[in-house]
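Got your viewer open? Let's walk through this one stop by stop, selecting a few residues at a time.

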Amino acid sequence: MRKSLLKSRRQFIQGTALSSVFLGFNLPLKAQPISTELQQSLPDSMLKPGANFSNYGQPSVYEKDIIRWISANPNVPGNGVSWTPLEELQGTITPNGLHYERHHNGVPDINPSTHEILIDGLVDKPLTFSIDALKRYPQTTKICFIECGGNSNAGWRSSPIQSAAGYVHGLVSNAEWTGVPLRLLLNECGIQAEAKWAIAEAADGAALNVSIPVEKLLDDAILALYQNGERLRPENGYPVRLLLPGWEGIVNVKWLRQLKLVEQPAMTRDETAQYTDLLPSGKARQFSFTMQAKSLITSPSVGMTLPDNPGIYQVTGLAWSGKGKISKVEVSADGGDSWVEAELHTPILDKAFTRFSLPWQWQGQYAVLQSRATDETGYQQPTRQALIAERGDNSFFHYNAIVSWEVNEDGQISHIYV
Amino acid sequence: MFRYLLFFLLFSPALVAEPLFQALGKNAEQQPQQAVWNLTITPDGKNLPIGHGNAQQGEQLFKQHCASCHGFGAIGASAMPLVGDVGSLTDEYPEKTVNSYWPYATTLYDYIRRAMPPSAPFSLNSNEIYALCAYILSQDDILENNVELNEVTLPEVKMPNRDGFSPVYPNKR
């Protein structure tokens, strides 16, 4: 029988013996050196004034490699994505400069002083709202993830991709969004009984349009103006975007210009040709909207090498569900034969990233690290086999299966399918 | 100090269960009639612009505006294939083209107008868009070669995969 490589937290503490090696030595006290010696021996940063204040802070120059990786069509450079480097980040809030991007024709330049949102169609009073007006409404704040329906779609491929975790799974980010509860504006317009859907349209160079159930708009939709406390970044919808917590990225329409209330969905390109899941029967799932529970070990992860053998590693990652809160994340080091519950870092929020972690004592053996999320509805993240059994392998979108990182005897980590 | 406290007690929104705010929407009775709004073309084709075009005209326009990305004959290049592979959706390697996958021809008009070519959205006039639709659809005999598309005939086109979609919403998974 295969021995479980993962220990409970208590066993792990009892088993730790490495620290005693370092306890036995003391340095003799030296006489205080005179000041010129200090000048020669202290780090440079302590011997001169630092840089001046800055109007808008930037990351350290030593972090210049922590960037969004861009995958775009060379002929249409505004059509593509940039990925959040999930494996390089900690905590749960994605910095605004690293929030993932999906644009269909570039980032538009929109002057907020002339931009308006029109709400019309099956309403008693069609109304427009300026950005200044929107800022005067009661604001609500929601910390939540936004995930592209196409995130992790390399998982459908027949062989496991070896790109960094964020370069495969990083079309998801988590931010604090603030803006106007959309129901206030819809009620101001007066929704007619037949209105079941709204056609949302963006003011970008793709005039992106999708249909959204009015039910969701009245439930928890926000016209977001602020992202992590500051006004939206242009690439995240400045001056105003739709935020539909837990629903796939495409319906969180950026650069929103119109909501037209209608009876039936419009069958736009991005709700028929794209973001639909083709099944083996030849039928395609449409309007799947809610992103199902998912998790991912961000560190250690593919492409990394464990430096010490044996060594203790803090296995950590992210879990999220479009249906609510994460209730449990389990971690396996033996490819799913045995599981240990990871610690969930607070706060555990509805439809938001939850950080999990678990210390792992690696003894140099072959291991397969996995994480498995369960949300508050009881839904459990599926294995890859289970997802493919349900949806075939031409589904392309909405991939949420368990991810497996293989650790070999040299500590090198690669992506495998188990 | 006391005056401020009194103000708070009398007028604080904290005492109001419903959010208190001023309705700031501006009357927009005129906008729905303006051409710049309500651009989306729905399957009923109700607000399709007047115009007409055929496959032969479309072929020329396609070479001029589309082939550099979608390939000659619309079989795909740096951008996705638009034609062919009708009936392939149950194959081991299905190909989702306009003609094999898209359920409504009206969507083709809607998408070309608003997004194509990416270098100049909304640059094609309605005759040109009808002609491009006719060219693409005729490649797989969804439309006969000499039939002219217009605001009446486009919504009448029945795409091969019209019944190929099953909505997850509002049914819960």
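Start by selecting A:Ser299: it stands opposite A:Thr316, which sits in β17(A). This is a predicted model, where local features need pLDDT of at least 70 and side-chain atom pairs count only at pLDDT 80 or more, while totals for chains, interfaces and linings use all residues. Residues are numbered from 1 along each chain as its sequence is written, and chains are lettered from A and ligands numbered from 1 in the order in which they are written.

Now colour the strands around that pair. Helices (H or I, at least four residues) and strands (E, at least two) are DSSP runs, numbered from the N terminus. β16(A) and β17 (residues 311-320) of chain A run antiparallel, joined by 5 bridges. Two strands count as paired if DSSP finds at least two bridges between them. Which strands make up the open sheet here? Its 4 strands come in the order β16-β17-β21-β20 in chain A, with antiparallel pairing. Each of β16 (294-299) and β20 (343-344) of chain A has a single partner strand, so one side of each is left without a neighbour in the sheet.

Zoom out to chain A as a whole. You'll find 8 helices and 24 strands, and the C-alpha trace spans about 85 × 65 × 40 Å along its principal axes. Of its 418 residues, 46% are buried, meaning that 20 or more other C-beta atoms, placed from the backbone, lie within 10 Å of a residue's own.

Next, select strand β5 (residues 127-130) of chain A. A:Leu127 and A:Phe129 form its covered face, while A:Thr128 and A:Ser130 form the uncovered one. Strand β4 (residues 116-121) of chain A pairs with β5(A) in the antiparallel sense over 4 bridges, and a hairpin of 5 residues joins the two. Click A:Ile119 and look across to its bridge partner in β5(A), A:Leu127.

What is the bridge partner of A:Leu127 in β1(B)? Select B:Asn27 to see it. β5(A) and β1(B) run antiparallel, with 2 bridges between them. Pull back and follow the open sheet of 6 strands, in the order β9(A)-β8(A)-β13(A)-β4(A)-β5(A)-β1(B), with mixed pairing. Its edge strands, β9 (209-213) of chain A and β1 (26-27) of chain B, each pair on one side only. Over by β9(A), strand β8 (residues 197-202) of chain A pairs with it in the antiparallel sense over 5 bridges; pick A:Ile199 to find A:Ser211 opposite.

Let's look at where the chains touch. The contact (C-beta atoms, placed from the backbone, within 7 Å) takes 50 residues from chain A and 41 residues from chain B. On the chain A side, helix α5 (residues 182-189) gives the largest share, 4 residues. Another spot to select is β15 (residues 284-286) of chain A with β4 (residues 165-167) of chain B, paired in the parallel sense over 3 bridges. There, A:Gln286 stands opposite B:Pro167.

Last stop: helix α2 (residues 55-65) of chain B. Show B:Ala55, B:Gly58, B:Glu59 and B:Phe62, which are buried. Why do they share a side of α2(B)? They cover an arc of only 105° around the axis (using the directions from the helix axis to the C-beta atoms), which puts them on the same side of α2(B). An α-helix has 3.6 residues a turn, so residues three or four places apart point the same way. To see what covers these buried residues, add β2 (52-53), α3 (67-70) and α6 (126-138) of chain B, which are among the elements involved.

Technical notes. Buried ≥ 20, exposed ≤ 12 C-beta atoms within 10 Å, placed from the backbone. Contact = placed C-beta atoms within 7 Å.
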